[in-house]
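I opened this notebook to record what I looked up in the structure. The entries follow the order in which I went through them.

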There are 2 protein chains.
Amino acid sequence: MGGDHGPEVVIPGAAISLVRHPGLRFLAFGDEARIRRALEHHPEMAACVEIVHTDLTVSMDDKPSQAVRRGKGSSMWLALEAVREGRAQVAVSAGNTGALMAMSKLVLRPMAAIERPAIAAIWPTVRSECIVLDVGANIGASSRQLCDFALMGAAMSRALFHVEKPSVGLLNVGVEEIKGDEMVKQAHAWLKTSEGLPLSYQGFVEGDQIGQGVVDVVVVEGFAGNIALKTAEGTARQIGQYLRAAMTRSLMSKVGAYLARGGFHILRQKMDPRRANGGTFLGLNGIAIKSHGGTDSLGFASAVDLGYDMAESSLLNRLAADLDAFHGTLSKLGALQPE
Amino acid sequence: MGGDHGPEVVIPGAAISLVRHPGLRFLAFGDEARIRRALEHHPEMAACVEIVHTDLTVSMDDKPSQAVRRGKGSSMWLALEAVREGRAQVAVSAGNTGALMAMSKLVLRPMAAIERPAIAAIWPTVRSECIVLDVGANIGASSRQLCDFALMGAAMSRALFHVEKPSVGLLNVGVEEIKGDEMVKQAHAWLKTSEGLPLSYQGFVEGDQIGQGVVDVVVVEGFAGNIALKTAEGTARQIGQYLRAAMTRSLMSKVGAYLARGGFHILRQKMDPRRANGGTFLGLNGIAIKSHGGTDSLGFASAVDLGYDMAESSLLNRLAADLDAFHGTLSKLGALQPE
């Protein structure tokens, strides 16, 4: 029921993903009549969808605290509960981000070793894609939490891109004098010295290196991470506006742009935010994916695809083991005193 | 002597700026012989430049602490000293950022009411340009410091863009649950309630709104601000790479791109990082401008132009009065206890 459109985007989106992954099966939570109407246009989905009716929904304007208090039994809640109970492997929602995050924490619970879950974004680069986390689950992060993010991001990278030892960088600022705050410096020291990590630590990266694809995983606390993500999206939109204005300013430009339309088509595909739609909540006992609320069916399909890839890998089991081993190392370093 | 090129870029850059502002006069600090050679190609500069020789320079690799310890008498130091002593109104350097920042603080000293200076960047938007600060002078900022940044940014906006009451936004994250850390929330409360401010406070803005030009001044602490700036630069470069690849992938695209070259020329100008070159150190008793180290003469000219505009306005006097008034208001609110 979530997002700006509800079942009218969610069902067609799931249908697109079903073509790509015929093994998919769906539980659809929400207004049964409305879901049935949406399914009428997708007869191929009939055998793959089970509808679980509920009248209760979380609205896009609900405060997370309200949603958690009053949202028990809502479509969002029931979807997460299905993951907790093993009836589903992934929950995908286009609904209220804050509510989904708060409910996910409550229903799925953080993994034993994890102090704080994080939201991971898939970030397009000139090479392929990288994973950036945290992009907004929390503000600030301790050194230990930053290290956990590194392991969580590496696990996700392994699941999605099949790299055994993903390269990881800590996002930092470049001015010599201040080179990062104490949390970032300490996390750097730990990641550099810890042996046997299931990742290849590359040190600090700066904001302009993310899009160059210098590492598979970029780790940052959630305030700066969210700002970086939004700023990149905004800059892409801004340049798109410049480009349209430049290509329509004279007849000659218009003719040229028409002839080059194949190239512009490729460019549009490259820059299409629907291709990398889906923020993943990492560090919980189950997978929850947040699709952009305003996306269309193609965008929602990307979020479902992402969930499929993550469920297919045994990401969470592997991650639990990795975290255990790493925290063992830190304990030996005497580093696990509460910060 | 600073930057990747030294006088061979600085002198031609100053010459470009002299054409735009014939009233400019320069003090050039550094290796006299090398400066004289660079001046040979610019006879029009002869009457406008006074050379002050020194053998000592700060290198791009010097740590700021080293530079401050050993840099007394260097070209960078002497330029800042000239500002302190009123022989120059602005110091412009393409040298080591950290060193310039540390030396500026030491030589020019923070203004009486200012706890922390900031670096302000000029950020191109779809409307025109806005000012973003702090982009990396410090990590973290208290609520009071964020408010001071708002006043400093407004003063700069007034000087450069001649808006009497510049609109100001606080950069924040959009997830309801966490809506900013305590420092940002408190700064928001103060800016919202303080009357008679020489700015029009607009509340929170998110990363994707900076480039849309929704406000004249964007305020953020230096870690996230630096990451936002670098991420925007990186995204612009990334899209430029996509665009080049897309326009050269087929003969038809190449022909189209050739016909549309007028449009691409406009686009290149829009995206040219040399147009908005120059980070300004705000909050000191004097103006210091940092040009990108790798820029060419056109880029250096932008930094000189920026210095000219700032010196021409009576920015610093006005700012001192604004800060005084605002701190008076905060005192009445009982808000100036040390944080």
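**Entry 1. Axis.** The model is predicted, and I read it as such. I began with the residue of chain A that comes closest to the rotation axis: G256(A), with its C-alpha at 1.9 Å. I then looked up the rotation itself. Chain A is superposed on chain B by a turn of 180 degrees, with 0.0 Å of shift along the axis and an RMSD of 0.0 Å. That is the relation of a two-fold axis.

**Entry 2. Extent of the interface.** How many residues of chain A are in contact with chain B? I found 66 residues of chain A in contact with 66 residues of chain B. Between them the two chains bury about 5500 Å², and 71% of this lies on carbon and sulfur atoms. I also looked for the three residues of chain A that give the most buried area against chain B. They are F223(A), Y242(A) and L259(A), which supply 11% of what chain A buries there, more than any other three residues.

**Entry 3. Surfaces used.** I checked whether the copies present matching surfaces. Of the interface residues of chain A, 100% are also interface residues in chain B, so the copies meet through the same surface.

**Entry 4. Polar links.** I counted ten residue pairs in polar contact between chain A and chain B, with both residues of each pair at pLDDT 80 or more. The rule finds two salt bridges across this interface. I noted one salt bridge by name, in which the side chains of K230(B) and E206(A) meet at 2.3 Å, N to O.

**Entry 5. Elements at the interface.** Which elements of chain A each supply at least two residues of the side that touches chain B? I listed α3 (64-70), α5 (97-108), β4 (118-124), α8 (222-247), α9 (251-259) and α10 (261-271). Of the elements of chain A, α8(A) gives the most to that side, with 20 residues.

**Entry 6. Rings.** I searched all chains for aromatic pairs and found zero. I then looked for charges over rings. R261(A) lies over the face of Y258(A), at 4.1 Å from the ring centre. In chain B, R261(B) lies over the face of Y258(B), also at 4.1 Å from the ring centre.

**Entry 7. Backbone.** Where in chain A is the cis peptide bond that I noted? I found that it joins L133(A) and D134(A), with omega about 0 degrees. D134(A) has its place in the loop between β5 (129-133) and α6 (143-161) of chain A. In chain B, I found a cis peptide bond between L133(B) and D134(B), again with omega about 0 degrees. D134(B) sits in the loop between β5 (129-133) and α6 (143-161) of chain B.

I closed with H162(A), a residue other than glycine, whose phi is positive, near 60 degrees. I placed H162(A) in the loop between α6 and β6 (167-171) of chain A.

Technical notes: Residues are numbered from 1 along each chain as its sequence is written. Chains are lettered from A and ligands numbered from 1 in the order in which they are written. This is a predicted model: local features need pLDDT of at least 70, side-chain atom pairs count only at pLDDT 80 or more; totals for chains, interfaces and linings use all residues. Side-chain values use heavy atoms; hydrogens and water are left out. Copies are superposed by least squares on the C-alpha atoms of residues with pLDDT of at least 70 in both. Contact means heavy atoms within 4.5 Å. Rings of Phe, Tyr and Trp (its six-membered ring) pair if their centres lie within 6.5 Å; planes under 30 degrees apart count as stacked, over 60 as edge-to-face and the rest as tilted. A charge sits over a ring if NZ of Lys or CZ of Arg is within 6 Å of the ring centre and within 35 degrees of the ring normal. Buried area is the accessible area (1.4 Å probe) that two parts lose on being put together, summed over both. A salt bridge is a side-chain nitrogen of Lys or Arg within 4 Å of a carboxyl oxygen of Asp or Glu. A polar contact is a pair of N or O atoms within 3.5 Å; within protein, one must be able to donate a hydrogen and the other to accept it, and residues adjacent in sequence count only if both atoms are side-chain atoms. Helices (H or I, at least four residues) and strands (E, at least two) are DSSP runs, numbered from the N terminus.
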